[in-house]
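Work through the following exercises with the coordinates open, and compare each step of your reasoning with the solution given.

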Amino acid sequence: MPLVATEAIVLHSFDYLESSRILRLATREAGVQSVLAKGARRSRSRFGSALDLFAGGTAQVSLRPGRDLQTLVSFEVTRARSGIAADLGRFTGAAAIAELAIRFVDDDAQPALFDSLRDTFDAIAAAEPGAAREVTLGAAWRLVAGLGFAPVLDVCGDCHAALAPEATVMFSHPAGGALCAACGRMASRGRLIPPAARSALRDWLAGASPALAGPDEARAHQRLLREFLREHLADARAFVALDVWERDEWSGA
């Protein structure tokens, strides 16, 4: 029964029986894992407050091949990220990212994807009130790209013709991104997006922070992201945290 020491982030937590807790952890060495923290709810638990949502640190996990639920031996916090809980916009954004990671990151070691998640939660925790939505949008698109589904922005998703940077184009989710005018006319469904929207997507995918015109533009990007996720990554289950994050009353609009 190998004991693995790895960087980890608490993505989700719920109580189990009278004294324990089951967690979903993003780990650098073993992808996303479900773990049992025995005795975590006891007043003298060795875990203390280490298992708060979005906390990061070093976890020791007893991994048994073929098991859906592993055993958490210890968790030493290095990043509490208390700023996420201090603002509703930050919290709903972080919860949306955690939901995507739980749903679509598997249990293989993916260090680059873990590093991106770690940096994302750090950025959300430090975001100014009202700015967490834009940080979350960029993080979600980079996660999509890390999973191998980056949208096509500068060539047509069907015929691969180059697209002028200043053009308004049809964005087709089935085609995986932008379409030229000819292919766009034949698309069964899609959404017209202006040059500024493509530029913002390029910036987010590159790790930059575009300046959006205001809440309406941010909401349009949230819709675009949701539609893309449902086309390429979703199964029959609903997105719960993502839908809460997208609601105007929760997202800082």
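**Exercise 1.** Which residue in strand 5 does Gly 56 stand opposite?

*Solution.* This is a predicted model, in which local features need pLDDT of at least 70 and side-chain atom pairs count only at pLDDT 80 or more, while totals for chains, interfaces and linings use all residues. Residues are numbered from 1 along each chain as its sequence is written, and side-chain values use heavy atoms, with hydrogens and water left out. Helices (H or I, at least four residues) and strands (E, at least two) are DSSP runs, numbered from the N terminus. The residue opposite Gly 56 is Arg 79 in strand 5. Stepping back to the strands, strand 4 and strand 5 (residues 70-79) run antiparallel and are joined by seven bridges; two strands pair if DSSP finds at least two bridges between them.

**Exercise 2.** Determine the strand order of the barrel, and then follow the pairings of strand 1.

*Solution.* Five strands close into a barrel in the order 1-2-3-5-4, with mixed pairing. Neighbouring strands of this sheet are turned by 50° against each other on average, direction ignored. Strand 1 (residues 3-16) runs antiparallel to strand 4 (residues 56-62), to which seven bridges join it, and here Leu 3 has Ser 62 as its bridge partner. Eight bridges join strand 1 to strand 2 (residues 20-27), again in the antiparallel sense, with Val 10 partnered by Leu 25. Strand 1 and strand 2 form a hairpin with three residues between them, and Leu 17 in the turn has a positive phi of about 55°.

**Exercise 3.** Which residues does Ala 5 touch, not counting residues up to four places away in sequence?

*Solution.* Ala 5 lies in strand 1. Taking contact as heavy atoms within 4.5 Å, Ala 5 touches Glu 29, Ala 59 and Gln 60, once residues up to four places away in sequence are set aside.

**Exercise 4.** Describe the open sheet and the helices placed against it.

*Solution.* Three strands form the open sheet in the order 7-6-8, with antiparallel pairing. Its edge strands are strand 7 (177-179) and strand 8 (191-193), each of which pairs on one side only. Strand 6 (residues 169-172) pairs with strand 8 over three bridges, and Val 169 has Ile 193 as its bridge partner in strand 8. For the angles, axes are lines fitted to C-alpha atoms, for helices over the stretch in contact, and angles run from 0 to 180 degrees between N-to-C directions. Helix 5 (residues 195-205) lies across strand 6, strand 7 and strand 8, at about 85° to strand 8. Helix 6 (residues 215-232) packs on the sheet, touching strand 6 and strand 8, and its direction makes about 135° with that of strand 8.
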